Each structure stands twice: as structure tokens, then as C-alpha cells.
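Okay, everyone, thanks for coming. Let me put the thing up on the screen and then walk you through it.

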Amino acid sequence: MATIAQSQTQARHATTPAASESGLWSWLTTIDHKRIGILYGVTAIVFLFIGGLEAMLIRLQLARPENDLLSLDAYNAIFTMHGTTMIFLAVMPASTAFFNYLVPLQIGARDVAFPRLNALSYWLLLAGALILNLSFFAGSIPNGGWYGYAPLTEILNGQTDQLNTGRNMEFWAVGLQVLGISSLAASFNMIVTIFNLRAPGMTLMRMPIFTWATLITSILMVLAFPAITVALALLQVDRFLGTHFYVPSTYIDGRLTLTGGDPLLWQHLFWIFGHPEVYILILPAFGLVSEIIPVFSRKPLFGYAVMVYALAAIAFLGFGVWVHHMFTTGLGPTPTAIFSATTMLIAIPTGVKIFNWVGTMWGGQIRFSTPMLFAVGLVSQFTIGGISGVMHSSAPVDTQQNDSYFVIAHFHYVLFGGSIFALIGALYFYFPKITGKMLDERLGKIHFWWTFLAFNAAFFPMHFLGLEGMPRRYASYAEGSGWWFWNVVVSIGSFALALSFVLLAYNIAKTLRSRNKVEDDPWDAATIEWSIPSPPPVYNYKEIPTVTNRDQFWADKYGTGHDHEEEDDLEVRIAGVKLGDVGSGDEQPEDQAATRRQADDLGDVEEDTHVHMPNPSFWPLVVAIGVFLLGLGLIFSHPRIEIERLSLPVLSVLGVVTMVFGIVAWSLEPASDPEPHHDEFNDGHGAAAAPTAAHH
Amino acid sequence: MATTTLDVQHAGGAVDHGHGHGDSGHGPTSTGIDSKKLLMWWFLGSDGVLFGALIATFMIYRNRAQDLSVGETVAGLVTTGGPFPNEILDQLFTAVSAGVLLFSSFTMVLAVASIGRGNIKAFRVWTIATAMLGGIFLAGQYFEYTEFFHEGLSLQQNIFGASFFVLTGVHGLHVFAGVLWLLGLSLTSFRGGISKKDHTNVEVAGLYWHFIDIVWIVLFTLVYLLPYRDGAHDPEHVDGAMRLVQAIPFF
């Protein structure tokens, strides 16, 4: 039934437990969702530190009036890279790290639906990140701001003395394009995984809330990223081929010519992506906090169904508010009124979430462990950012605050006080799951209070600066402007905030070095990912669990209380459909738990060998290297290779060849299927078969 | 399949689905929808947004070059010149190539049907026929582009040229990828690598192919059929709708 080579790979996998597979090669070829999650996480932390360093440079520059530490050009470059890095290379990959690590565990699957595509997503992220940051070594750092407004980003048809003439924005455009492909691939994978690989009995409305957040975020990415793909593609066509999509007039043959291009088109396309993007950044954080708060309040999440609908409502409305970024462009009273209204509307589902978290804590037995501190930190700090956000929905107010430090304060309260707080809390919460070791709680609490105070010192005064009229992105301010005091406070706060991350890094290093293993379920958690060993074996679940409850692991441990039953009934009524439901009403969860425990007891190395996992693959990395080279080729058109009359850029040719070679080899490589099909969709097939196939 | 797999989806070692493949070759899933097919549907949704953004761009710019050319100069500035859409677009020619692409959807259906019946020979014939029809469409596009270049419409000439070439070019790239995919499938079938159980793989390719056909129907309507405003330099005003009527008897 299988070829000899196939049996050998099977044998290798059957007898090699995950823990002993280490070394660089195993990481380069891994398609294990947990390892890919860790790769995402480490990458995110590295770029969080790089982005943090850039922030420190900004704050050094602004620490005193008329400072000349950074040149004006360097300042433009640094704030552009700070924003781009933090959004695309720190927060998004950190969220994706948790998607990857947790979602298959939470839904009771052995991996994602397309493991090799998952590896490709990560390597493309790294490729895009490298392209963006290689600009530092090329000496032409992106300098058009993180939203790269045209025509600042344009090169005007041979007029080299105008606007953006270097390769700066090429690095930015190509880098973002590659990152976009990475995010799209990852999102398709997550959506299919969540819809298709749920354990028996896990209906949509029984999924852990973080899995819901992942699903909704992934759908947002799938529908939002194409807009920036088009925006960037048109920008690249403008820059490489000399069209004028975003340029209203330019010199053609020495004469100033009307070309008809419209800079506003960039703003529309960018913000049609850009506003959903801010929900892409915050919804995973909402999901993580919704996992943490119930565990540390020892109560099921209050209003689970409403939380799900709120997520969906935020995502849906998120596509209809982009013009509030453009109130000052003068689109007229009608669009302004409409988008003001939709922006106010979106505060409702967001407020619902805040109240539901408070409702979850209300009357609970709250333990203020570090994850809970950060989660509550989000609830309070995000609320501040949310309130300043609603202020911007009013166009007259927004017109006053647009492009001032008030806006900077707002989005740092939602991105740091929201996303980063939740991600750090989740790091503390899931660290025992991922490593089997517990981060130091005492240091963790110090870390939280330090972060909390420094964060507020760094960002709250920005509200005052903004209202006093200090514009964003100015490299300097005058002696007599009166902004000096608060800028010093902000700078001191920023450096204290940076130090808090050093404390976190120390805590992580100290914990990883220690030998203190922690039990599998240190927080007495609610969901099934905690029912398996920490760190989980490569196949996750020996026996795929059957799910009868939302908080399945609590139900296993403590039985289903009256509240649970009631909630379950309610959920079925509201949801209406019972996809994949396995007779939840009839079964006794306790019996199932007993069965599962029995199965676990039987588990030993022999039993491990019965789980057949997909083979590691080198080809995703090869394809990503091809994309990386092609990306560089788009930026550097020299050296060139001459074939007949054709003159081709060497890097692009190399990139395309590597990419095509990788794709062909990928499609011919058997994934894990005992009866491999040699076609371009082997990946999906192997993945679908992988969780089920038992080795014969 | 859809209903029976709901309850037993990947229940670990308890139920053995991995080896039979007597069915259509896809593993059991929570929704009963094959994972590859679900992936393709979401990809198409995403690709739809991509075309949506490109179409929006085109719709904003489709009359702009003509509008700019109303006078010799506007506000003292010279403007980009023609050719303008009414002078250059050949509805009849493109209607024929659109017909070819539409017909390829029919051959694609036949290819999917024949693999479903396990008729590999018919599958080969229809897949290659579909790829060839796609090839003819691309050849038509190549001819059209060359003709336009000769008449002076380039990417850089005016904003109409830029939006026209980018929009139809991205669609052309999609067709090209589809042709490669179909050729890959037929090549695999010659190597004996395709049988009835690969029905889903072919069906997924079919979904993609139908999608790019549907997109072309939209593009053909918006780019070729919907009337343009005339540039001041257009001497012979020909009503776009009239040319459509003239094209209809051809079918």
C-alpha cells in the first residue's frame, strides 16, 4: 500500500517523540503548528524590541526642544519604521503565534488543515520582515509614514529632484506586499481549520472564545488585505512603470501635465484595509482576555453568545467606518455624517464586551495572578482608548485633533493598553502550556505594575500635548511652545516602559533556565487544551476528545453544574443549528471524562506510535526564499543578466526560479497520505487524512 | 458523505477513515465540506475583494482622460492625450474572446463530470480543451494589447490606459495561472496520477476557473459595454450600446 520511502518516513515519525527532535534542521522544516506558533512568537518579540528601540530614538529626539539628535530625514524614517514594525511585525505575528499554538489545541485537532501552507505563512512573514529591515543596511529606510500617503511616496516620472526618489518606499511597498501574502495564507488556513477540524461535539457555539476571535480576525484579514494589495500594486506600477494612479499632475516632456490621478484613491484603498486592520490587531487580544478572565474569576464567561455576536458585529461594522480617517480631506457633509454614525455605532458592541468582562468578574472568586492583572489592565486601559476613539467619530472634534498627539495617545491606548497588555497577559497565562514552566509570579506582578504605571506616564500626557496643538510626526518643537514639560514626562515614561520589557525578558530567561516543571493545569483552566500534558506532545491528543460543554475541561473536572446546563440549552436555542453535534443531551460528561482518563492511563510510548503525523517539509522555506529574492529583485534592478535581447534583473530571475522549483517540488512531495496523490493539492489532502489515519 | 461524516470526524484511532478512500478522497470534516474546497471558496472571496478594489479604481478613472481633454489646456496646464476608450475599444473582437472564455466554463464542467464518472480519457480531452480555450482568450488579449500599443495607448499614455491595462492584465494573469493549473492536471493524468478519487482536486480547479469567467463577465460589461463619455478629440461618436446590439447576432 505504501512505497518503501513512505514506510521509512512513517517509521521515523512513529518512533521519534517530539521532544527529541531538535536542531536547526527540524525547525527549518517543521510543519507542527506548535513549533510554527513558537517561531511566530519569537519573531514577534524580536521585532517588538526593534520597534521599541525605534520608539526610544523618537523619545530621545523629543526629550528637549529643538533637539538635533536625529536629522529630519532620519526622524521620518524612524517613525515610519516604528509604526510599520509594531503593527505588522510585532502585534500581528504575536497574535498569529497564539492562533497557531492554541487553535488546534482548543478545537481538539492534531494540526491545522494545511500544515505546509502554515509553514509557508511563517517563512513569508520572515521574508517580508527581512525585506523591510534590510532597508537599514541599504541606507534607504522607508520614510513615508506607516500609512504611506501618496503622492509623498511617489517618484515622479524622471523628475528625480521631486518627492521620494530613493528606494525607501520600495522596501516598504514590497515588504508589506509579502507580509500581506503571508497573512492571507495564514488566515485561509485558520478559517478552514476552525470550520473543519473541530472535535466531535464541538459546535460553533461551543468553541472557546479565543477560537471565535481567531475565526473572525482571519475573516477580516481575508477580506481586508486585498485592498492594500491593490493599493500597493498600483503604487508599485506608478513607481516602476511610470503610471499616475495617485499623481494628479507631473512633468511630462518638460511640461507640467494634468494626468488625472487622485491621491485620495490611495487614502480610500489604504483605509478600507487600514480600519479593519485595527480590529485585526485588537480582536485576538479580546479573545485572549476572554479566556483569561473566566479562569481567574472561576466563572464561565458572562454572555458567551453575545460576546461572539459582538465580535462579529465589530468585524462587520469595521468595514464601514474607514472614512473617519479622512474627515479632514473634505469629502462633504453626507459621507462625513454617515461615517460619523457608523463609527459611533461600533462603540456599542465594543462596550458590550467591556460590560461582559466586568459581568464575568462580578461575584466571581477573583485571583489576581499576573495574567489576570494584565487582562484587567486591558479592560481599564482599552476603555480609555475606546472613549478617545468615540470622540474622533464626531467630525468637528476629529478635525481639531487630527494629526495631533491626541491621536497618538488614542491609538497607543488601544494598541498598547489593549493588544500588548492582552498579549503579555496571554504570554504569562500560556507560558506553562508552551514550556511546562511557570514564569515567576512575583516578578510578573512587579512587571505588571511597572508596565501599567510607565505606560500611563508615557501615553496619558500625549492627550494634553495633542489638545495643546502639538502635531504628530514633527521632528522638533520650539523652545517657547510650552510642550517641553509633558514631552519630558512622556520620554521618561517611555524609557521606564522599555525597561519593563527588559524585566520580562529576564523573567523569561530565568524561567527557561530553571528546572522547575509545573503541573499540566496550573491555573485550573476551563478549556481542553489544558487537559493534555504541558508542553503538548507533537500529536496533541492521543484520543480526540468529545465535547459536550463550552468549558469542557471544567465540566470534566467538576461535572456540569446547573448554570452550565442552562447556558448550554440557551446556546442551542440561540444558535439554531447544531453542526457536528453528537447527541449532547444524552451523554454523561463524567462518563466521558472517565473514559478519557482511562485512555490517558493506557497511553505510553507504544501508543504514541499509532498516531501518524504529516512529514516535515523543506519546500515552504524554499518557496519563501524565492519570494524573498524576487522581492529584493523588485527593489534592486541591478545587476542584470543579458539573454539575447532581454535584459533581466538577476535577483528577480533567481527568485522566480527558486519559487517555481519550490512549488513544483512541494506539489510532488507526498505529505503524509499513505496513498499519496501527486498533485498540487496534496497538502490539503494529507492534512485532512493526518488527524485520522492510524498506522497499520 | 456530508451527513455521515458529521459525527465521526477524526475521532482519533477509534474510527479508521484514513485508508479507505473508496469515497471521493477527502477526509471527514466537521462541516462535511472538503477542506480544499473550503479553502478555495475563501480564496475566491478574497480574490473577489481584490477585483472589487481594481474595478473601483477603474470605474473612478474610466472617463477621466476624456474629461481632462475637453480643452487644449485646463487651468493653464496641458493634459494627457488620447487614445480614448471610444476610439480604441473593439467590442466585437472582445465579445468573441469573451464568448470563448465563457465556452471554456462549459468544457470545464464536462471535465469535472468525467472525472466524477472515472472516465480519465474524457477528463483529459475536456481539461486540455478548457486550457486551450483559455489560451485562445489570452492570445486574443495579447493581440488586443499589441494593437493598442500600436495605436498609442500604453500604460503611461493616460489614466485610462493605466487603469485598463492593470485591470484586464490582472485578470489575464489569473487566466494564465488557471491554464497552467489545468495543464498541470492533465499532465498528471498522463502520468497516471489522477483517478476518480481526485474528483475534489479537479472540482476545486473548476471553481477557480468558473470564478475567473464570472469576473470577466463583469469586466467585459464595465470595460467594453458601458458607454464612455467622449473626449473632445473623438470625431466619430459611436454609441457603445449600439455596438453591443451589433455584436449580439454573432452569438
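Let's start with chain B. Among its contacts between residues at least 6 apart in sequence, 76% join residues at least 24 apart. A contact here is two residues with C-beta atoms, placed from the backbone, within 7 Å. Before I go on, the housekeeping: this is a predicted model, so local features need pLDDT of at least 70 and side-chain atom pairs count only at pLDDT 80 or more, while totals for chains, interfaces and linings use all residues. Residues are numbered from 1 along each chain as its sequence is written, and chains are lettered from A and ligands numbered from 1 in the order in which they are written.

So what is chain B built from? Nine helices and two strands; I'm using DSSP runs, numbered from the N terminus, with helices being H or I of at least four residues and strands E of at least two. Reading from the N terminus, the order is α-α-α-β-β-α-α-α-α-α-α. Of the 251 residues in chain B, 43% are buried. Buried means 20 or more other C-beta atoms within 10 Å of a residue's own, exposed means 12 or fewer, and partly exposed is in between, again with C-beta atoms placed from the backbone.

Now find helix α6 of chain B, residues 120-150. Its 31 residues should span 45 Å at 1.5 Å a residue, and the end C-alpha atoms are 45 Å apart, so that agrees. The expected span is 1.5 Å times one less than the number of residues. Buried residues in α6(B) include Phe123(B), Trp126(B), Thr130(B), Leu133(B) and Phe137(B). General reminder: an α-helix has 3.6 residues a turn, so residues three or four places apart point the same way. What do the buried residues of α6(B) pack against? That would be α5 (91-117), α7 (159-190) and α8 (199-225) of chain B. After the helix comes Gly152(B), with a positive phi near 100°.

While we're on α5 of chain B, look at Leu102(B), which lies in that helix. Leu102(B) counts as partly exposed because it has 17 C-beta neighbours inside 10 Å. Its C-alpha is 8.6 Å from that of His210(B), 108 residues apart along the chain.

Over to chain A, and helix α7, residues 209-241. It has 33 residues and reaches 47 Å from first C-alpha to last, close to the 48 Å expected. Where is the kink in α7(A)? At Ala224(A), about 30°, shortly before the proline Pro226(A); the bend is the angle between axes fitted to the seven residues ending at a position and the seven starting there. The helix is mostly covered, with 28 of its 33 residues buried. Just after it, Gly242(A) has a positive phi of about 80°.

That brings us to the core. A nonpolar core is a set of buried Ala, Val, Leu, Ile, Met, Phe, Trp, Tyr and Cys residues joined through C-beta atoms within 7 Å. The largest has 242 residues, and Ala231(A) and Leu311(A) touch the most other members. Its largest share, 21 residues, comes from helix α13 (residues 405-435) of chain A. Leaving aside neighbours within four places in sequence, Ala231(A) is in contact with Trp266(A), Leu269(A), Phe270(A) and Phe273(A).

Another residue to click on is Leu184(A), in helix α6 (residues 168-196) of chain A. Buried or exposed? Leu184(A) is buried, because 24 other C-beta atoms sit within 10 Å. Not counting residues up to four places away in sequence, Leu184(A) touches Met221(A), Val222(A), Phe225(A) and, from chain B, Ser46(B).

There's a hairpin too: β1 (residues 249-252) and β2 (residues 255-258) of chain A run antiparallel, joined by four bridges. Strands pair if DSSP finds at least two bridges between them. Ile252(A) stands opposite Arg255(A), and with two residues between the strands, Asp253(A) takes a positive phi near 50°.

Last, confidence. The model scores ipTM 0.86 and pTM 0.86. On pLDDT, the predictor's per-residue confidence from 0 to 100, chain A averages 85, with 84% of residues scoring at least 70. Residues 1-20 of chain A fall below 50, and that stretch has 19 contacts beyond near neighbours in sequence. Chain B averages 81, with 78% at least 70. Its residues 1-26 are below 50, with 54 contacts beyond near neighbours in sequence. Where pLDDT is low, the predicted coordinates should not be read in detail.
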